[in-house]
Amino acid sequence: MIEILSLAHLDQLCSLAESCFPSTSYSPSDYQYYLSFHSCGESDLDASQTNHYYLCIGDTDKNELRGYLLVEVLKFIEGECDIHIYEIGVASSFRKQGIAFNLLTSLFEMFKNKKATVYLEVRSSNLPAINLYKKCNFEQIGIRKYYYENLESAIEFKKELE
């Protein structure tokens, strides 16, 4: 089941993030901030009174977090918004089952008809993620050389939602 994550998911989120990104995941206090700083639920994305918030959606099954997607949303006066994907993580035992794809398509559905543009960076060596973004019709818009701590480059992608 795809759902918006809350502070009740904090321990599972931290554990999953650490397993997906062992050397680069955010701290538990960062995830706590992100989970508590969202201002709205799926049903009232337009009603949010702030122009900046975080949204973390997850794929859960029997109260087990199998995957998550963490984004920052910046809303503009004209009703348009930019969405920056911070992380997509899927538990190793659930990879290659379409969970990341389902998380992305759920995000797209939440923001359809909102004139949103989704941005992300991905390690140039992360071919499964790059293939996923291409499958979701993201457009490559640039390369950031030496972006990561190990000096690996990042590929920048964007997708316009309609």
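In this predicted model, Tyr 133 has a relative accessibility of 7% and therefore counts as buried, the limit being under 20%. Phe 157 is buried as well, its relative accessible area being 1%. These two residues take us straight to the aromatic side chains, as the structure holds twelve aromatic pairs. Tyr 133 and Phe 157 form a tilted pair, because their ring centres are 5.9 Å apart and their planes stand at 50 degrees. Tyr 133 belongs to helix H4 (residues 127-135) and Phe 157 to strand E7 (residues 154-160), so the pair ties together parts that lie 24 residues apart in sequence.

Further rings come together elsewhere. Tyr 26, Tyr 31, Tyr 33, Tyr 34, Tyr 54 and Tyr 86 are linked by ring pairs into a cluster. Charged side chains also meet aromatic rings: the charged end of Arg 66 sits over the ring of Phe 94, at 5.2 Å from its centre, and Lys 159 lies over the face of Phe 108, 5.0 Å from the ring centre.

Two members of the tyrosine cluster, Tyr 31 and Tyr 34, lead on to helix H2. In this helix (residues 28-36), Tyr 31, Tyr 34 and Leu 35 are buried. The three cover an arc of only 95 degrees around the axis, which means that they are on the same side of H2. A general feature of helices is helpful here: an α-helix has 3.6 residues a turn, so residues three or four places apart point the same way. What do the buried residues of H2 pack against? Their partners are helix H1 (10-20), strand E2 (52-61), E3 and E4.

Strand E4 (residues 81-90) is itself mostly covered, with seven of its ten residues buried. On one side of the pairing scheme is strand E3 (residues 64-75), which pairs with E4 in the antiparallel sense over nine bridges. Within this pairing, Leu 74 has Asp 82 in E4 as its bridge partner. E3 and E4 form a hairpin with five residues between them, and Gly 79 in the turn has a positive phi of about 90 degrees.

E4 also pairs with strand E5 (residues 116-123); the two run parallel and are joined by four bridges. Here the bridge partner of Ile 83 is Val 118 in E5. Between these two strands the chain passes through helix H3 (residues 99-110), making a β-α-β crossover that is right-handed. Strand E4 thus has an antiparallel partner in E3 and a parallel one in E5.

Key. Residues are numbered from 1 along each chain as its sequence is written. This is a predicted model: local features need pLDDT of at least 70, side-chain atom pairs count only at pLDDT 80 or more; totals for chains, interfaces and linings use all residues. Side-chain values use heavy atoms; hydrogens and water are left out. Buried means under 20% relative accessible area, exposed over 50%, partly exposed in between (1.4 Å probe, protein chains only). Two strands pair if DSSP finds at least two bridges between them. A crossover is right-handed if, with the strands pointing away from the viewer, the path from the first strand over the helix to the second runs clockwise. Rings of Phe, Tyr and Trp (its six-membered ring) pair if their centres lie within 6.5 Å; planes under 30 degrees apart count as stacked, over 60 as edge-to-face and the rest as tilted. A charge sits over a ring if NZ of Lys or CZ of Arg is within 6 Å of the ring centre and within 35 degrees of the ring normal. The arc is that of the directions from the helix axis to the C-beta atoms. Contact means heavy atoms within 4.5 Å.
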